[in-house]
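Student: I have a structure open on my screen and I don't know how to read it. Could you take me through it?

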Amino acid sequence: MDYNEIETKVKAFLVDELEIDEAKINPDATLKNDLGIDSLEVVDVVVLVENEFGYKMNPEDFKTLKTFGQFCKFLEEKLA
Amino acid sequence: MASSYEHGNWRGHTDGTPWMQRTLVRLLRVIPVEVLYGIVALVIPFYLLFDGRARRAAWKFFRKRLGWSRWRSFWSVYANEWMLGLVVIDRFASYAGKKFRLQTLDKENFDRFSAREEGFVQLFSHIGNSEMAGYFFPSTKTIHVLVYAGETERMMQGRQDLFSQKNVVMVPVQKDMSHIFTLSQALSEGQIASMPADRAFGSPRTVSLTFLGAPAQFPVGPFRLAVAHGVQVNALFVMKTSSRTYRAYHQPLVDVRGKGLSRDAAVEALMKDYVSRLEEMVRQYPLQWFNFYDFWQQ
């Protein structure tokens, strides 16, 4: 799965399920401050990643991932 | 000996030094719990005298929330604190090997949930003695219980010793929120995630709901976790009915899955259902309400 495919899926989830304003979602948007993804939404994201991509994330993953772009890149690497 | 409660800056641990708690367990191996019940009854007035915060919170609960008379509230403040003492003694008595009877109501709900391949969320509140359920209910699934990490070694060891035989794993709250991942993982694996639903336990997100006639804050986390995983929620209440007997209530919350609700709407429906059940239980067992802080002014 390439970066664009992952980005499209994650973006659709954030907009449809977490009701995040699509205009705010760009590669440089920070997960916490710009997109408002805190500990509760992280659970949603973890479940999405597991269900959609079959990868189990852990707390350490989120320590290094600050932006939406980094998050999608991370998934691309893990799913390669 | 009582539990210390301080919402917001919550201490959330059982009072008494580790030495005192160890001594209590040793004592309970040789004397009946009823002896300690009597001793606690004598100590409570002094405890109330020096713990103005708990006293005021209990008074407000009986007077304003339940609308009881001054005289009835006065005695209920005492009885409420004494009841907490009994529950804590029972907990240590369990660590000491003492046996209690459990009457189960609607246990088929718990068994039905346990028999499914998917996991479920089990909620408890600070009323009665939910911890006792862990000693009684064998389950084919592992129960992962969220616990405050600041309890004394004696408390944690006592729980661990008893829980390890019952398929119960304790998950301490962590500052890095890794406990959420642990519970999430448990649900992914079809296990049970058990959490308190009356206090914001490790998460600042709350929703204000009417509880006993006034708005109070309830944590969103447990309900959100259930919705994220698409699993059902079971409310557990374990109430003390006599010196050696508890009654357990297993109440499945409304099933919000497959109804086309948004995440927020599903969470809200679950929360409202839980709060209404909690209110019903508190009205039935008012002396077993153990939130000794101003629950309605958070």
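Tutor: Let's go through the interface, the strands and the salt bridges in turn.

Tutor: Start with the ground rules. This is a predicted model, where local features need pLDDT of at least 70 and side-chain atom pairs count only at pLDDT 80 or more, while totals for chains, interfaces and linings use all residues. Residues are numbered from 1 along each chain as its sequence is written, chains are lettered from A and ligands numbered from 1 in the order in which they are written, and side-chain values use heavy atoms, with hydrogens and water left out.

Student: How many residues does each chain bring to the contact?

Tutor: Contact means heavy atoms within 4.5 Å. Here, chain A and chain B bring 20 residues each. Buried area is the accessible area (1.4 Å probe) that two parts lose on being put together, summed over both. For these two chains that's about 1,500 Å², with 58% from carbon and sulfur atoms.

Student: How many salt bridges cross the interface of chain B and chain A?

Tutor: In general, side chains of opposite charge can pair when their charged atoms come close. The rule asks for a side-chain nitrogen of Lys or Arg within 4 Å of a carboxyl oxygen of Asp or Glu, and it finds four across this interface. Arg224(B) and Glu41(A) form a salt bridge, at 3.9 Å from N to O.

Student: Which elements of chain B give two or more residues to that side?

Tutor: Helices (H or I, at least four residues) and strands (E, at least two) are DSSP runs, numbered from the N terminus. On the side of chain B touching chain A, the elements giving two or more residues are helices H8 (178–188), H9 (221–229) and H10 (263–284) of chain B. H8(B) gives the most, with six residues.

Student: What is the strand order in the open sheet of chain B?

Tutor: Two strands pair if DSSP finds at least two bridges between them. This open sheet has seven strands, ordered E1-E9-E8-E2-E5-E3-E4 (chain B), with mixed pairing. E1 (101–105) and E4 (168–172) of chain B are at the edges with a single partner strand each, so one side of each has no neighbour in the sheet. Inside the sheet, E3(B) and E5(B) pair in the parallel sense over three bridges, and His144(B) stands opposite Ala193(B) in E5(B).

Student: Where can I look for an antiparallel pair?

Tutor: Try E6 (residues 206–211) and E7 (residues 214–219) of chain B, joined by six bridges. Val207(B) has Phe218(B) as its bridge partner in E7(B). The two strands form a hairpin with two residues between them, and Leu212(B) in the turn has a positive phi of about 55°.

Student: How many salt bridges does the structure hold over all chains?

Tutor: There are 18 over all chains. One of them joins Glu76(A) and Lys73(A), at 3.2 Å from N to O. Both lie in helix H4 (residues 68–79) of chain A, three residues apart, about one turn of the helix.
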